[in-house]
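Student: I'd like a close look at a single part of this protein, please. Could you walk me through one sheet and what sits around it?

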Amino acid sequence: MLAPEIGSTNDGPVSVLSDTGTPVVTTVNEKAPLISKRRFFSSLASAFGFGSNSNLSSVGYVEFGASNVESGRTLGTFAGVFSPVALSMFSALLFLRVGFIVGNAGLWVTLLQFVIAYGILLFTVASVCAVATNGAVEGGGAYFMISRTLGPEFGGSIGTLFFFANIVSSALYITGCTEGIVENFGTSGYLVGEGNIGLPDGRWWRFLYCSFLNVISLVVCLIGAEMFAKTSVVVLGVVCISLLSVIISFCIHGPMMVLIPEANTLIQNGSVPVYRNYTGFQLDTLKANWHQQYSVDYSSDGKVVDFATVFGVLFSGVTGIMAGANMSGELRDPARNIPRGTLSAVAFTFLCYVAVSFLTAATSSPGLLQNDFIFMMPINIWPPFVALGILMATFSASLSNLIGSSRVLEALAKDNVFGFILQFVVKGTWRGNPVAAVLVSWVLVELIMLIGSLNTIAQINSVLFLLSYLATNLACLGLEMASAPNFRPSFKYFTWHTAFVGLIGTLVMMFLINSVYASTAIVLCLVLVIILHLFSPSREAHWGSISQALIFHQVRKYLLLLDSRKDHVKFWRPQMLLLVGNPRSSCPLIQFVNDLKKGGLYVLGHIKVGQLSDIEVDPTLDEYAHWLTLIDCLKVKAFIELTVAHSVREGLQHMIRMSGLGAMKPNTIVLGFFDEELPCDFFEDGSSYSTDVFRNVYTNSGRSVFTLRSSASEKALGAIEYVGMVTDTLKMRRNVCLCRHFHNLDKKLIAKSLSMKFIDVWPVNFFQPDDEDPFDTTSLFMLQLACIINMVPGWKNLHLRVFLCENNRQQDDTGTNDSSSVPFRSNVHRLRQLLQMLRIAATIQEVPGWGQQAAVLQGGSVLEQMSPHPRRHRADSFKNEQLDNAVRVYLLSVNQLLRQHSEQTVASFLYLPVPPHGEEAAVYPTYLQLLTELTADLPPTVLVHGVSAVTSTTL
């Protein structure tokens, strides 16, 4: 995964030499070419310093991009990857635990366990290779791969556990090295001789020897890690010679009796020597070692051995696959070195383990294998070979893990994952060597060694490394499933199948080894993820999180499955497009619509008036980030749509058509009201929305962000255009809401104030009242919106009221019509039944005397009363004409009626009449003036007009 330079821990300049030898300072990023490939022997020579640049740094750990390319990346595949991986995988297992595994599990189970372990290992290596070949790998190795793929929270959590896995592994190998020293140089040791006094033995003596070796490792790490890398080939050579001597000894050595070491106090009492048989090649011995025969572990105070214990010990030997990746900061070509070196080391160690296991089962009795973990020493042609192999393999593996853990800790500190807690690690660097990180790692290794038992440590080690492998497989599986175009690793043997099998295998094996350790590790990982997500300073790092790619992939897939042709009114929900002129003055309205959306789509739209051909840069590109910040500040769940258009009306048409995606399109358009009130600045102090985020923030053009207009003359649209927007919305078959007086809404006061009790719905078209108004589409839409807002926390305590305005009351007390014998139901009964069917809890309040008020219109429309020739479309009759006195009296009486019933109302929903037809310049201003008079001095009011059914009485 290509990592952006922003947020990288390795973004320093690099000095490279030009063809003329002149140093050129440039910036190195992930696209910078690595140095050319060299031959095998040339890489060996450079690993040991022969023919290298005289200006090579003596610092052991140089991150990619932090220094000269030649001096910082000197290691090739063999010295940089193959040798560390092979040494880590041989470690204590090859010489100290193969007999223990075969003697207890039997040969066929041992081979099965190796196949399982290496199968999991191979799938994980495929994932590591895929990430390593998908871009330049910087310093930090496996942690860098995981964190830059899964993001800072998950990557930091796994990186922390990966750090502890290296710590435990280092302690494991030092303990194994100490065991080899005691068995060889202790009293009656193999190299000391029977009956001779050697190094004293005991729990605390062994801890002392471990501490001494740990101090040596500390000294080496403080001097520099490069020395270890340069000598790893020699160390591997010595180990291979020791292994060869063991194989030869198995083949040429005849039957003999082997003395059980004094450390095995379960059968060795110290007075009478106890021996077990080494038979040489015999078919009976192979048969005896073929099946499982679990016994007790004498190094763990007689603890009973089982499959999980044996597998935990075995798997500890294959945890070294990350050793090469940890050296990524020193590799010349990590994308080439890591796959080749790791895979070849895995194949080589697997063949060695299989061969040694078979030879062990065919030559040594079960009693010998179960009671003498170092049986290879007395049967060897020259016992010091085995001793040397044990010491070199285990100590070098321990040193490798100590170095790796310190580098992971340094990377965590540089990435600021734990903030100030690890700042001392960053500061505690001397000549590029993370001294503080080394010291911290050394202390933790010292504490782990107090556990003492090698097999107990092995289980902890196996679980932690398995969790790291699980994260690596998870990262690659996520990358593959996300189908990101930039994920195209050059390693061709990786698919999502390998990552998935590796993930499942590691998860199962974690619990198989030790369910308590596995559960604890997973819980600890999740706790770390939560803590880092909430508190880590690196949570905003621009590394690129796989979660965003996966979300995009899944959202796209499910959007394609969302078919608008299958929409049903039962599952209708409001999908809102709120057109915002300036968010500074619209905060309460933005919050209100957010409450009103009921889990539906919510889009904040803003239109810049202008012509793109006259502008050098699209202004919406600069403002988009500020609008996203606005969403974060207001904590609303909304999308942002910005556009440039010749007019606001044209821009709204574009937004209605283009906003949303697929079947998720806005079905309700919300506009603020067009009036002459000056806007309020809700970002200033004293408001519940006050914030300093947008203070002294400017766009690229030098203007302050979200500048308020100071007068009505600065409006971006006029009355005619505004009403035209309402008409266009209805033509496009969208519901429309006009919101007025929402600058007076304070949601925090709703729960506190005793005078704010109601949400009111007026299902009557005041411009042309009719008894059927409460049952038409618009009224049902109003009821739906009012019910939705009444379900939202903060609004639940309010009571919903529905006001019924009847023009004619023909019903008598008996419920029958006076002029006929045909019974009918009054509107009160019909409305009550409707509310019951719709499951809307509301109180119906009849408005007394409404018929007399509505009689002024004589059954006509308010708009018709405005013209002397209502049936003719004479636009000029509207010009400069005062409202008819009767209509004015009617509107004032309606407004007074609304205000009379709204003294304790938080929000009102009113019926929005359709704008009249005719010449826009004539009829639209009058229409807007009527709405203004109707809603004057009311509480926050929503004028609503619906165009489609939104309620359902069915299941």
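Student: In what order do the 10 strands of the open sheet come?

Tutor: Sure! Before we start, this is a predicted model, where local features need pLDDT of at least 70 and side-chain atom pairs count only at pLDDT 80 or more, while totals for chains, interfaces and linings use all residues. Residues are numbered from 1 along each chain as its sequence is written, and side-chain values use heavy atoms, with hydrogens and water left out.

Now the sheet: the order is E9-E8-E7-E10-E11-E16-E15-E12-E13-E14, and the pairing is mixed. Strands (E, at least two residues) and helices (H or I, at least four) are DSSP runs, numbered from the N terminus, and two strands pair if DSSP finds at least two bridges between them. E9 (639-645) and E14 (843-846) stand at the edges with a single partner strand each, so one side of each has no neighbour in the sheet. On average, neighbouring strands are turned by 25 degrees against each other, direction ignored.

Let's zoom in on two pairs. E7 (residues 576-579) and E10 (residues 668-672) run parallel, joined by 4 bridges; here Leu-578 has Val-670 in E10 as its bridge partner. Then there's E12 (residues 758-762), which runs parallel to E13 and is joined to it by 4 bridges. In this pair, Phe-758 is partnered with His-799 in E13. Strand E13 (residues 799-804) is mostly covered, with 5 of its 6 residues buried, and buried means under 20% relative accessible area (1.4 Å probe, protein chains only).

What packs on the sheet? Helix H22 (residues 587-596) does, touching E7, E8 (602-609), E10, E11 (735-740), E15 (905-911) and E16 (941-945). Touching here is contact, meaning heavy atoms within 4.5 Å. The direction of H22 makes about 175 degrees with that of E7. Axes are lines fitted to C-alpha atoms, for helices over the stretch in contact, and angles run from 0 to 180 degrees between N-to-C directions.

Finally, zoom out to see the setting. The protein chain has 32 helices and 16 strands, and buried residues make up 55% of its 955 residues. Of the contacts with a separation of 6 or more, 81% are between residues 24 or more positions apart.

Terms used:
Buried means under 20% relative accessible area, exposed over 50%, partly exposed in between (1.4 Å probe, protein chains only).
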